[in-house]
Amino acid sequence: MSKKTPQAIRGTQDIFGPEAEAFAFVVETFERVRRLYRFRRVEMPVFEKTEVFARSLGETTDVVSKEMYSFDDRGGESLTLRPEFTAGIARAFLTDGWQQYAPLKVATHGPLFRYERPQKGRYRQFHQIDAEVIGAGEPQADVELLAMADQLLKELGINDVTLHLNTLGDAESREAWRAALIDYFRAVKDQLSEESQERLEKNPLRILDSKDPRDRPFLADAPKIDAFLSEEASAFFAAVTSGLDAAGVKWVRAESLVRGLDYYRHTAFEFIPDEGSPSAAALGSQSTVLGGGRYDGLMESLGGAPTPAVGWAAGIERLAMLVGDRFGLLPPPEVAVAVENDARMSDAVGLVSFLRREQIEVELFAAGSARKRFDKAKKANPVILISLDVRDGKASQSLQVLDNAYERLGYVLATYEQRYPLP
RNA sequence: GCGAUCAUAGCUCAGUUGGUUAGAGCGCCGGUUUGUGGUACCGGAGGUCGCGGGUUCGAACCCCGUUGAUCGCCCCA
């Protein structure tokens with residue numbers, strides 16, 4: 001490679017081959033499943049005014065200042081490449097009059113951008129599928145959304161992940177719990193890790209999922225959200241869990257599963273690979289496959305009326321890794337046509353065009369050494385292999401059925417021969 | 001933002017304590033052979049050893065920097 005060739009941007013990926021096929025499989029399956037649940041498709045801008053994300057994220061300065069791709073456009077306005085779908089969809093809900101469709105179920109997918117250190121399953125331009133229910137405050141919305149996520153994962157063939165579920169309660173519950181956690185950890189502050197001492201000020205809920213051994217002795221006895229839940233919040237969570245049971249969605253309670261941002265209320269969840277499972281091994285430390293929650297407080301931060309909403313997103317790259325080679329290969333062609341003599345090129349082009357119009361997947365082998373085209377065609381492992389050649393001065397062809405299970409092809413080919421008899 | 005490991009042909013990798021024209025397998029291209037066929041054999045193209053400096057008579061190998069990848073930490077909307 002010449003040093004004049006520009007390199008790809010750090011953290012971006014050129015997806016090709018099995019990974020690209022697995023990626024497409026994830027997106028196609030998502031499209032199919034979201035129709036089953038009657039989610040409407042939306043397409044969103046890749047960039048927004050910076051305030052769309054900054055205001056929705058609130059005071060989490062690290063995320064806003066260090067991890068967003070922001071720039072000033074020619075008019076001097078600060079714009080940001082979307083780091084998430086939710087804020088943009090919420091903005092559209094308010095500015096485009098989508099309130100009239102509430103409760104609105106929408107689904108989308110596409111690229112997102114975060115300025116982070118790349119790791120396995122973590123890129124600066126990455127891709128997510130996303131589903132949101134806006135304007136629905138009842139627990140049934142959470143249940144339907146989670147059932148869709150569960151079915152999606154199953155239909156992708158991912159069976160070794162489990163729904164980890166928690167509730168953060170309503171605003172009052174959440175605040176009371178947060179205050180109790182701060183009191184509890186402040187009393188033992190000196191014995192906590194440096195990171196957790198800092199988290200105590202910035203993001204105390206996060207201490208609960210600390211991996212540092214110095215913090216772990218204090219985690220078990222930390223105040224639990226359940227003790228602070230209002231009656232309504234308890235009833236809401238109970239309705240979600242019983243709904244999941246009725247829908248046949250397996251779940252486990254994860255009391256330390258939290259969300260850092262203030263706008264989250266009630267349900268919070270992540271689908272996480274089971275310990276020791278193939279999926280866990282495939283993902284490394286980036287373990288969450290799909291995550292989301294209820295964000296009843298978001299619309300107000302964007303200047304809208306209080307609007308309940310719940311949603312989730314999942315990284316397509318990570319799902320594609322779990323799908324792996326099971327669905328990650330472009331299947332062999334139904335028909336391979338080898339042109340062993342260039343005099344037969346027109347016949348071959350006519351044949352493959354006909355077959356493709358009949359919705360048959362065909363690969364044409366007509367380049368390179370004429371004598372090796374047959375070998376290449378055979379290596380493609382088609383159901384049917386056709387070769388066109390010239391023998392003793394006359395056109396000749398052969399047809400091999402390598403997998404005679406496929407009767408439709410025989411029918412289509414017979415039709416072709418009837419219509420355009422080969423010499 | 002922090003730490004560790006790594007970077008040699010299109011791919012997977014060798015390359016001995018620093019020592020002449022840097023190798024293999026696969027793939028690719030061409031040819032011979034095989035009387036209808038994923039064969040075997042022969043040949044070929046393709047690398048200033050990520051990039052830039054330094055040490056040395058001499059660097060793929062040692063040192064510094066840089067870029068990127070990988071694995072953790074932090075963060076995770």
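Ala, Val, Leu, Ile, Met, Phe, Trp, Tyr, Cys and Pro count as nonpolar here, Asp, Glu, Lys and Arg count as charged, and the others, Gly among them, count as polar. Sorted that way, the surface near RNA strand B has 20 charged, 11 polar and 8 nonpolar residues. Keep in mind that this is a predicted model. Let's start at the RNA and then look at some strands, rings and a helix.

**Around the RNA**

- In total, 39 residues surround RNA strand B, and the closest of them are Arg10, Arg117, Lys120, Arg122 and Arg206.
- If you take the atoms of RNA strand B that come within 4 Å of the protein, 53% of them belong to sugar and phosphate.
- Two lysines reach phosphate oxygens of RNA strand B: a polar side-chain atom of Lys376 lies 2.7 Å from one, and a polar side-chain atom of Lys211 lies 3.1 Å from one.
- Gln119 goes for a base, with a polar side-chain atom 3.3 Å from a base nitrogen of RNA strand B.
- Four elements each give two or more residues to the surface near RNA strand B: helix H7 (194-202), helix H14 (373-379), strand E14 (384-391) and strand E15 (394-401).
- The top contributor to that surface is H14, with 4 residues.

**Strand E9 and its partners**

- Strand E9 covers residues 265-273, and 9 of its 9 residues are buried, so you can call this strand mostly covered.
- Strand E7 (residues 161-167) runs antiparallel to E9, and 7 bridges join the two.
- To find your way along that pairing, look for Thr167, which stands opposite Thr267 in E9.
- E9 also pairs with strand E10 (residues 290-294), again in the antiparallel sense, over 5 bridges.
- Here a handy landmark is Phe269, whose bridge partner in E10 is Gly292.

**Rings meeting rings**

- The model has 6 aromatic pairs.
- One of them joins Tyr184 and Phe185, which meet edge-to-face with centres 5.0 Å apart and 75° between the planes.
- Why does Phe185 count as buried? Its relative accessibility is 0%, and buried means under 20%, so Phe185 makes the cut.
- Tyr184 has 23% relative accessibility, so this residue counts as partly exposed instead.
- Another pair is Tyr263 with Tyr264, a tilted one: 4.9 Å centre to centre, with 35° between the planes.
- Are Tyr263 and Tyr264 buried or exposed? Both are buried.
- Tyr263 and Tyr264 also belong to a cluster, where ring pairs link them with Tyr295.

**Charges over rings**

- Tyr264 turns up once more, this time with the charged end of Arg259 sitting over its ring, 5.8 Å from the centre.
- Elsewhere, Arg40 lies over the face of Tyr101, at 5.0 Å from the ring centre.

**Helix H2 and what follows**

- Which residues of helix H2 (residues 50-57) are buried? They are Thr50, Val52, Phe53, Ser56 and Leu57.
- Right after H2 comes Gly58, which has a positive phi, near 75°.

Methods:
Residues are numbered from 1 along each chain as its sequence is written. Chains are lettered from A and ligands numbered from 1 in the order in which they are written. This is a predicted model: local features need pLDDT of at least 70, side-chain atom pairs count only at pLDDT 80 or more; totals for chains, interfaces and linings use all residues. Side-chain values use heavy atoms; hydrogens and water are left out. A residue is near a molecule or strand if one of its heavy atoms lies within 4 Å of it. A polar contact is a pair of N or O atoms within 3.5 Å; within protein, one must be able to donate a hydrogen and the other to accept it, and residues adjacent in sequence count only if both atoms are side-chain atoms. Buried means under 20% relative accessible area, exposed over 50%, partly exposed in between (1.4 Å probe, protein chains only). Two strands pair if DSSP finds at least two bridges between them. Rings of Phe, Tyr and Trp (its six-membered ring) pair if their centres lie within 6.5 Å; planes under 30 degrees apart count as stacked, over 60 as edge-to-face and the rest as tilted. A charge sits over a ring if NZ of Lys or CZ of Arg is within 6 Å of the ring centre and within 35 degrees of the ring normal.
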